[in-house]
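Grab a pencil and have the viewer ready. Here are a few exercises on helix packing and ligand contacts, each with a worked solution.

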Amino acid sequence: MQNVTLIATAAMGLESIVANEVKSLGYEVQVENGRVVFEAPISAIPRCNLWLRTADRVRLLVGKFNASTFDELFEGTKALPWENYISEKGQFPVSGKSVQSTLYSVSDCQAITKKAIAERLKLKHGVASKMPETGALYKVEVSLLKDEAMLTIDTSGAGLHKRGYRVGQGEAPLKETMAAALVLLTNWKPEYPLIDPFCGSGTIPIEAAMIGQNIAPGFNREFASEGWSFIKDKYWETAFEEAEDKANYDQQLEITGSDIDHNLIKISADNAIEAGFGDLISWKQMQVKDLTIKKENGYIIGNPPYGQRLSDKDAVAKIYQDLGSVMDSHPSWSVYILTAFEKFEKAYGKPATKKRKLFNGFIRTDYYQYFGKKNKGDI
Ligand SMILES: C[S@@+](CC[C@H](N)C(=O)[O-])C[C@H]1O[C@@H](n2cnc3c(N)ncnc32)[C@H](O)[C@@H]1O
């Protein structure tokens, strides 16, 4: 087996950022709705799981075919080379989904897919009775869209947002993948100061620190495919060595997280310690109106409260107004704010240079971007 086809799944709106990440790992991509598809050598499975900051997970495409009857689903599934991936003792639970397809009963599709894979594996691995399913985990998904069945195996295990550093969280934490995307959507460089004045449990500052020191986000966790025999151990070893070599632990950073809630500041500090950034990020309990900025050319990246309850709207508008007045005296700073509050620009006090539609989970938000007027040579 030379190459595999991989699918990096992406939250709506983040596809192009995921695609850039995959490209920078050296693979050519095709961008589709909610996913980035690419052909790559098997060694890409460890590398992509370790390095992708903004993808939800990495799936291995086993095959695609049209299926509008259960027979077609069974035969099409059985014709795929499952034995190339799933070892004799492998466990292969099947989940499913069906959108705009004749085969709409997901539980039936799952059962048929499971049966077809089991038959194929028994034949190819020479197992006489039931497949033992006592070994490594291969989570299969059968996904039907407009009568096309797509069969994939999840290589990640827990979603890639689970970096392993979150020991505590506030009420509405950003997903780590989204926080990383918010940072990657700016022109922030590790030399510039960065402040998140609404840091909550610290996700944006911690993701920025990982980006700033080029630390692979998956370095401190495990992946389902680490136990798969068709991926040689040396591919994992090489990928972890590459991550170690590329990390720049000496990179100085000026990252600060502040929040009105002192409990959250404690949680942020604990999360940062877990991520290995105990001394690197500064944390401060503070209201945004008290924010003091000394340096030039910095970046504010924040995810403030959205004021979704009617009773909160005035209070939230005041927070945005406070931020706008603080930033008014710092024109060299760039400001990036993610919110679902429709009158954000009015409350902040000026129209954004640019805005981008993004989904924070199921909430439709805008990412308001104010580009700073950089003072040349003054960092
Ligand atoms: C949506 S949460 C941020 C979540 C954060 N991004 C995370 O990943 O955990 C908004 C944060 O704004 C904080 N906040 C509310 N009013 C504030 C104010 N006036 N000044 C500073 N922070 C405030 C809240 O305590 C809350 O933690």
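**Exercise 1.** Which residues in α2 meet which residues in α7?

*Solution.* A note before we start: this is a predicted model, where local features need pLDDT of at least 70, side-chain atom pairs count only at pLDDT 80 or more, and totals for chains, interfaces and linings use all residues. Residues are numbered from 1 along each chain as its sequence is written, and side-chain values use heavy atoms, with hydrogens and water left out.

Step 1: find the two helices (DSSP runs of H or I, at least four residues, numbered from the N terminus). Helix α2 covers residues 44–51 and helix α7 covers residues 233–246.

Step 2: list the contacts (heavy atoms within 4.5 Å). Pro-46, Arg-47, Leu-50 and Trp-51 of α2 meet Tyr-235, Trp-236, Ala-239, Phe-240, Glu-242, Ala-243 and Lys-246 of α7.

Step 3: sort them by class (Ala, Val, Leu, Ile, Met, Phe, Trp, Tyr, Cys and Pro are nonpolar; Asp, Glu, Lys and Arg are charged; the others, Gly among them, are polar). You get eight nonpolar, no polar and three charged residues for the contact of α2 with α7.

**Exercise 2.** At roughly what angle do the axes of α5 and α6 cross, and which residues meet there?

*Solution.* Step 1: take the axes (lines fitted to C-alpha atoms over the stretch in contact, with angles from 0 to 180 degrees between N-to-C directions). Those of α5 (residues 176–184) and α6 (residues 203–212) come within 8 Å and cross at roughly 65 degrees.

Step 2: read off the partners. Glu-176, Ala-179, Ala-180, Leu-182, Val-183 and Leu-184 in α5 meet Thr-203, Ile-204, Glu-207, Ala-208 and Ile-211 in α6.

Step 3: split that contact by class, and you have eight nonpolar, one polar and two charged residues.

**Exercise 3.** How many residues surround the ligand, and which are the closest?

*Solution.* Step 1: count the shell (a heavy atom within 4 Å of the ligand). There are 20 residues, and the closest are Leu-174, Ser-201, Thr-203, Asp-259 and Val-288.

Step 2: class the shell, which has 13 nonpolar, five polar and two charged residues.

Step 3: look for polar contacts (N or O atom pairs within 3.5 Å). A side-chain N or O atom of Ser-201 sits 2.6 Å from a ligand oxygen, and a polar side-chain atom of Thr-203 is 2.5 Å from an oxygen of the ligand. On the backbone side, a polar atom of Val-288 lies 3.0 Å from a ligand nitrogen.

Methods:
A polar contact is a pair of N or O atoms within 3.5 Å; within protein, one must be able to donate a hydrogen and the other to accept it, and residues adjacent in sequence count only if both atoms are side-chain atoms.
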